[in-house]
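Visitor: Hi, I'm new to this one and would like a walk through it. Could you show me the structure before we start?

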Amino acid sequence: MFEYGYQRFFTLQNAFAQAMHNNYIQQNAAMDMRVAVRERAILLWQMTLLDDLFKRNELYQRSNQHSSDFLSARTLLLGTNLTPQELDVIDRLNRETNSRAPELRAFAKKLMTSNHGSTAMLNMALSDQIIVANLLDELIEMQRAQNERFREYSSDAQTKLFSRVLLYMVIIVVAGFVFAGYVIFTSAKQRRQLETANTELQHFATHDHLTSLPNRVYLTHQIERVMSSVQRKNSVAAVLFIDLDNFKPVNDQYGHEVGDRCLKLLAHRIKDNVRGSDMAGRLGGDEFVVVLSELDEASQAEVVAQKLIDRLSESVWIDDKELRLSASIGVSLITQSTKSAEGALTAADKAMYIAKQTGKNKLYAFDTQ
């Protein structure tokens with residue numbers, strides 16, 4: 001009887017682990033698609049500013065590579081177990097991309113002539129990319145919600161299993177004190193295993209698998225706590241949105257294993273350069289977030305951001321390879337006028353885009369959301 005409960009425990013644990021792994025693949029694929037859409041939009045904008053046809057051609061080729069990355073990530077996503085709701089979003093995403101792709105290609109090709117595309121065409125192309133990005137954000141949010149449901153269902157299922165084991169214990173105790181002692185010992189051991197498994201699943205649901213930093217779910221909760229503190233104490237805090245510049249060539253040249261090791265080293269570098277009361281986390285891909293709490297003054301956020309830019313631009317050594325990267329950082333203050341955690345993240349994300357568009361390896365700050 002206890003062997004049955006023991007086997008059921010590991011069956012449930014394996015099922016949850018597989019479901020979480022499937023969700024992890026889906027989330028990374030969707031985030032890679034999101035990054036490809038973002039980078040393609042930035043490249044189109046940069047092409048409209050260039051008079052040099054050869055430089056525009058270089059950006060055009062990079063844009064095509066991001067389109068290829070988008071399709072590769074989409075193929076990986078379709079190879080996973082998707083829910084009907086996710087399939088519906090992907091179907092809408094396919095319709096949007098198929099209907100807008102001809103105009104986007106026509107605009108990109110027009111930029112390869114001696115004449116630049118019109119501002120109206122640029123605005124339309126960027127608007128199209130925003131629509132696609134919003135659909136991908138909807139898909140990513142679905143996968144994060146699934147992650148949370150997996151954790152809750154895991155806890156409930158394991159609690160029910162433990163209750164059933166306790167019932168068997170009571171029945172066996174009636175048969176004799178000696179056997180009951182053995183049962184109690186076995187049950188206690190199983191309970192510790194269940195608690196350990198639940199703790200691991202909870203950590204997996206709130207932390208990034210690669211770097212062990214807090215993920216978007218945990219970061220959002222932290223921003224909400226900081227917002228509450230700002231309201232009570234009339235203080236100021238900030239969100240830093242960090243995006244590594246030119247990280248993709250690292251994966252392309254040295255492989256994803258070196259890229260993952262690089263991300264882990266940079267994650268530790270970010271964490272080591274903020275206070276213990278602050279929180280550093282990873283959203284996915286090459287995107288990180290730092291939540292600064294209880295600042296003496298707003299300008300401290302920019303001081304911390306510049307410090308991180310300086311540290312992240314230092315060489316990273318992996319085996320005998322020297323990797324040189326940089327970072328663009330968007331700064332968004334959290335004040336009493338901040339409406340939501342997502343609003344603070346979005347504002348920091350927009351500020352990061354501006355920093356990246358104006359030359360990379362720099363910061364840009366918004367005062368409020």
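**Two helices, then one residue**

Guide: Let us begin with a pair of helices in this predicted model: α8, covering residues 256–272, packs with α9, covering residues 299–312, at an angle of about 145°, and their axes lie 10 Å apart.

Visitor: Is that crossing left-handed or right-handed?

Guide: The crossing of α8 and α9 is right-handed.

Visitor: And which residues meet there?

Guide: From α8 there are L266, R269 and I270, and they meet L308, R311 and L312 from α9. By kind, the residues of this contact divide into four nonpolar and two charged, with no polar ones.

Visitor: OK, switching topic: where is I42?

Guide: I42 sits in helix α1, which runs over residues 2–47.

Visitor: Buried or exposed?

Guide: I42 counts as buried because its relative accessible area is 5%, and the cut-off for buried is under 20%.

Visitor: What is I42 in contact with, leaving aside its neighbours within four places in sequence?

Guide: With that restriction, I42 is in contact with Y353, K356 and Q357. As for S63, it is 21 residues from I42 in sequence, and the C-alpha atoms of the two are 9.1 Å apart in space.

Visitor: Now the whole chain: how many helices and strands?

Guide: The chain has ten helices and seven strands, and of its 369 residues, 46% are buried.

Visitor: What about the area that the chain exposes?

Guide: That comes to about 18,800 Å², of which carbon and sulfur atoms supply 54%.

Terms used:
Residues are numbered from 1 along each chain as its sequence is written. This is a predicted model: local features need pLDDT of at least 70, side-chain atom pairs count only at pLDDT 80 or more; totals for chains, interfaces and linings use all residues. Side-chain values use heavy atoms; hydrogens and water are left out. Helices (H or I, at least four residues) and strands (E, at least two) are DSSP runs, numbered from the N terminus. Buried means under 20% relative accessible area, exposed over 50%, partly exposed in between (1.4 Å probe, protein chains only). Accessible areas come from the Shrake-Rupley method with a 1.4 Å probe; for residues, only the protein chains shown count as cover. Axes are lines fitted to C-alpha atoms, for helices over the stretch in contact, and angles run from 0 to 180 degrees between N-to-C directions. A crossing is left-handed if the near helix is turned anticlockwise from the far one by less than a right angle, and right-handed if clockwise. Contact means heavy atoms within 4.5 Å. Ala, Val, Leu, Ile, Met, Phe, Trp, Tyr, Cys and Pro count as nonpolar, Asp, Glu, Lys and Arg as charged, and the others, Gly among them, as polar.
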